[in-house]
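Here is a short briefing to read alongside the structure. Take a moment to look over the fold, then follow the topics below.

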Amino acid sequence: MHRPRRDITDTPDRYIAVAVLVTETQRYLMKRRDDVPWIAFPNQWSFFGGGVEPGETPEQALRRELREELGWHPERIEFFMQTRLLLPFPEAVLEDITFYEVPIAEAAIAGLTLMEGAEMRLFHAAELQAMPNVIPQDLAIVLMHARRDILFGAKPAAPPADSMPPGE
């Protein structure tokens, strides 16, 4: 049976909350997903996080996921961005993903317990960009976060008068 084409405005199949775990040296803590065929994106580097359960806010879900995946209770979680993705699996999947910036001290990482995934490591954005096995949407968020001041910083209301070409 052929499933009708999905649209980005449809009700999402899943709501997901994700942690952009970033250290004081602007390195990102990522996990390598297990290499098993029954999960999406096996053996790919990704952020930590997961599905929002009924009755949870995305922030509550993220706090739960960080407890479950790392045994960790972050002090601060700050909204970074939200997006929808229509993923082209054989059965298309529409995900609504909320990304939160979660600061973590490099010294605190040794005290974490990885309870989901094959391994975790710190990376600079450029290192992740050069790797072949990073989930593409997570890589895009890393790059947006690393360049957030340039991309999303305050913009002047209008260009300075002396920057306009003559006659405009």
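In this predicted model, buried residues account for 38% of the 168 residues in the protein. The protein has five helices and seven strands. Following the chain from the N terminus, the elements come in the order β-β-β-β-α-β-β-α-β-α-α-α.

**The largest pocket**

- The largest pocket holds about 540 Å³ of space, and among the 25 residues that line this pocket, Arg14, Ile16, Arg33, Phe41 and Gly49 are the closest to its centre.
- Four elements each give at least two residues to the lining of the largest pocket: strand E1 (14-22), strand E4 (48-51), strand E6 (93-103) and helix H4 (136-146).
- Which element supplies the largest share of that lining? E6 does, with four residues.
- By residue type, the lining of the largest pocket splits into 13 nonpolar, five polar and seven charged residues.

**Salt bridges**

- As a general reminder, side chains of opposite charge can pair when their charged atoms come close.
- The count of salt bridges comes to 14.
- Lys31 pairs with Glu69 in a salt bridge, and their closest N and O atoms are 3.5 Å apart. Lys31 sits in strand E2 (residues 28-32) and Glu69 in helix H1 (residues 58-70), so this pair ties together parts that are 38 residues apart in sequence.
- Are the partners in this pair buried or exposed? Lys31 is buried, because its relative accessible area is 2% and buried means under 20%. Glu69 is buried as well, with a relative accessible area of 0%.
- Arg76 and Glu78 form another salt bridge, with 2.6 Å between the closest N and O atoms. Arg76 counts as partly exposed at 38% relative accessibility, and Glu78 is partly exposed with a relative accessible area of 42%.
- A salt bridge also joins the side chains of Arg121 and Glu119, at 4.0 Å from N to O. Arg121 is partly exposed, its relative accessible area being 39%, and Glu119 counts as partly exposed at 25% relative accessibility.
- Elsewhere, Glu53, Glu56, Arg64, Glu65 and Glu68 are joined into one network by salt bridges that share partners.

**A nonpolar patch on the surface**

- Ile150, Leu151 and Phe152 make up a nonpolar patch on the surface, and together they have about 340 Å² of accessible area.
- Leu151, one of the residues in this patch, belongs to helix H5 (residues 148-152).
- Why does Leu151 count as partly exposed? Its relative accessibility is 38%, and partly exposed covers the range between under 20%, which is buried, and over 50%, which is exposed.

**Pairs that are separated in sequence**

- Phe48 has its place in strand E4 and is buried, with a relative accessible area of 0%. The C-alpha atoms of Phe48 and Leu21 are separated by 8.0 Å, while these residues are 27 residues apart along the chain.
- Thr57 is in the loop between E4 and H1 and is partly exposed, with a relative accessible area of 38%. Thr57 and Ala17 are 40 residues apart in sequence, and from C-alpha to C-alpha they are 8.9 Å apart in space.

**Backbone angles to look at**

- Most residues other than glycine have a negative phi, which makes the next residues good ones to look up.
- Gln26, a residue other than glycine, has a positive phi near 60°. Where is Gln26 found? Gln26 lies in the loop between E1 and E2, and this residue is partly exposed, with a relative accessible area of 36%.
- Asn43 also has a positive phi, about 60°, although this residue is not a glycine. Asn43 is in the loop between E2 and strand E3 (45-46) and counts as partly exposed at 26% relative accessibility.

Technical notes: Residues are numbered from 1 along each chain as its sequence is written. This is a predicted model: local features need pLDDT of at least 70, side-chain atom pairs count only at pLDDT 80 or more; totals for chains, interfaces and linings use all residues. Side-chain values use heavy atoms; hydrogens and water are left out. Patches are made of residues with over 30% relative accessible area and no salt bridge: like charges are joined within 9 Å, nonpolar side chains (Val, Leu, Ile, Met, Phe, Trp, Tyr) within 5 Å. Accessible areas come from the Shrake-Rupley method with a 1.4 Å probe; for residues, only the protein chains shown count as cover. Buried means under 20% relative accessible area, exposed over 50%, partly exposed in between (1.4 Å probe, protein chains only). On a 1 Å grid over the protein atoms alone, a cavity is a set of points where a 1.4 Å probe fits but cannot get out, and a pocket is an open set with protein on both sides within 12 Å along at least five of seven lines; lining residues have an atom within 4 Å of a point. Grid points are joined across faces, edges and corners, and a volume is the space filled by probe spheres set on the points. Ala, Val, Leu, Ile, Met, Phe, Trp, Tyr, Cys and Pro count as nonpolar, Asp, Glu, Lys and Arg as charged, and the others, Gly among them, as polar.
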